[in-house]
Amino acid sequence: MSTATGGRDDGPAGIDALLEQVREGLERVGPHEAFAAAANGALLVDTRYAALRDRDGLIPGALVVERNELEWRLDPLGSHRVPEATSHDLHVIVVCNEGYASSLAADSLQRLGLRRATDLVGGFQAWRAAGLPVRAPGA
C-alpha cells in the first residue's frame, strides 16, 4: 500500500520516487514553450545559485530568486513578496540548472496556491542548448 508521499508503508519513498510523484502534478514545459509563455506574460523565475549564474549567464527578463527565498517572494499574500507576485493565478515557470530542484520548487509553489506554477524541463542547460537567448555573465 502506498503512503501520501508515494512510498511504501515500510519506509521512505526516496528522492526519485518523490520527484516522479511531484512531476505528475505539474504541466512541465520545454525551453521553446517557456520562451513563448514568457512572451505571453508568464514569469520565469531563475532559482540557480549565484556561482552558476556567474558561470553560465542569465535568461533575459527572468526574475532571479534564490531557492531558499522562493516561497516568501512569490506568495501573493506574503509580506516579503516581489512586486511581480500579484495573484495566485500568476503563471510561474521555475528554472534551476538541470530541471530537478525546479520540479520540487514548483510543487511547493502550487501548495501555496499558485496553481499555474510549473518548471522548465532540463532547466537552464536545456534553455541554452535550445539556442534561446542568454545574457552573458556580467553583461
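Where in the chain does Thr47 lie? Thr47 belongs to the loop that runs between strand 1 and helix 3 (50-56), and in this predicted model that residue is buried, with a relative accessible area of 9%. The briefing below begins with the sheet, moves on to the helix that packs on it, and then returns to individual residues.

**The sheet**

- The sheet is open and is formed by four strands in the order 2-1-3-4, with parallel pairing; strand 2 and strand 4 (118-119) stand at the edges with a single partner strand each, so one side of each is left without a neighbour in the sheet.
- Helix 5 packs on this sheet by touching strand 3 and strand 4, and the direction of helix 5 makes about 150° with that of strand 3.
- Strand 1 (residues 43-46) is joined to strand 2 (residues 63-64) by two bridges, the two strands running parallel; within this pairing, Val45 has Leu63 as its bridge partner, and Asp46 stands opposite Val64.
- On its other pairing, strand 1 meets strand 3 (residues 92-95) in the parallel sense over four bridges, where Leu43 stands opposite Val92 and Leu44 stands opposite Ile93.
- Strand 3 is also joined to strand 4 by two bridges, again with the strands running parallel, and here Ile93 stands opposite Thr118.
- As general background, the strands of a sheet pair through backbone hydrogen bonds, in either a parallel or an antiparallel arrangement.

**Side-chain directions in strands 1 and 3**

- From strand 1, Leu43 and Val45 point one way while Leu44 and Asp46 point the other way, and all of these residues are buried, the charged residue Asp46 being among them.
- From strand 3, Val92 and Val94 point one way while Ile93 and Val95 point the other way, and all of these are likewise buried.

**Helix 5 and its contact with helix 1**

- The buried residues of helix 5 (residues 101-111) are Ser102, Ser103, Ala105, Ala106, Asp107, Ser108 and Leu109, and the buried residues of this helix pack against helix 1, helix 4, strand 3 and strand 4.
- The axes of helix 1 (residues 15-24) and helix 5 come within 9 Å and cross at roughly 55°, which makes helix 1 oblique to helix 5.
- The crossing in which helix 1 passes helix 5 is left-handed.
- On the helix 1 side the contact involves Ile15, Leu18, Leu19, Val22 and Arg23, and these meet Ser103, Leu104 and Asp107 of helix 5; by class, the contact has five nonpolar, one polar and two charged residues.
- Ser103 and Asp107 therefore appear both among the buried residues of helix 5 and in its contact with helix 1, and it is useful to recall that an α-helix has 3.6 residues a turn, so residues three or four places apart point the same way.
- Just after helix 5, Gly113 takes a positive phi of about 105°.

**Three individual residues**

- Thr47, apart from its neighbours within four places in sequence, is in contact with Val65, Arg67, Leu70, Val94, Val95 and Cys96, and of these Val94 and Val95 are residues of strand 3.
- Arg73 is found in helix 4 (residues 70-74) and is partly exposed, with a relative accessible area of 25%.
- Leaving aside its neighbours within four places in sequence, Arg73 is in contact with Val65, His80, Arg81, Val82 and Ala85; the C-alpha atoms of Arg73 and Thr86, which are 13 residues apart along the chain, are separated by 11 Å.
- Phe124 is found in helix 6 (residues 123-129) and is buried, with a relative accessible area of 0%.
- Not counting residues up to four places away in sequence, Phe124 touches Arg48, Asp56, Gly57, Leu58, Ile59, Val95, Cys96, Asn97 and Val134, and the C-alpha atoms of Phe124 and Val94, 30 residues apart along the chain, are separated by 9.9 Å.
- Val95 and Cys96 are included both in the contacts of Thr47 and in those of Phe124, while Val65 is included in the contacts of Thr47 and also in those of Arg73.

Notes. Residues are numbered from 1 along each chain as its sequence is written. This is a predicted model: local features need pLDDT of at least 70, side-chain atom pairs count only at pLDDT 80 or more; totals for chains, interfaces and linings use all residues. Side-chain values use heavy atoms; hydrogens and water are left out. Axes are lines fitted to C-alpha atoms, for helices over the stretch in contact, and angles run from 0 to 180 degrees between N-to-C directions. Angles under 35 degrees count as roughly parallel, over 145 as roughly antiparallel, 65 to 115 as roughly perpendicular and the rest as oblique. A crossing is left-handed if the near helix is turned anticlockwise from the far one by less than a right angle, and right-handed if clockwise. Contact means heavy atoms within 4.5 Å. Buried means under 20% relative accessible area, exposed over 50%, partly exposed in between (1.4 Å probe, protein chains only). Two strands pair if DSSP finds at least two bridges between them.
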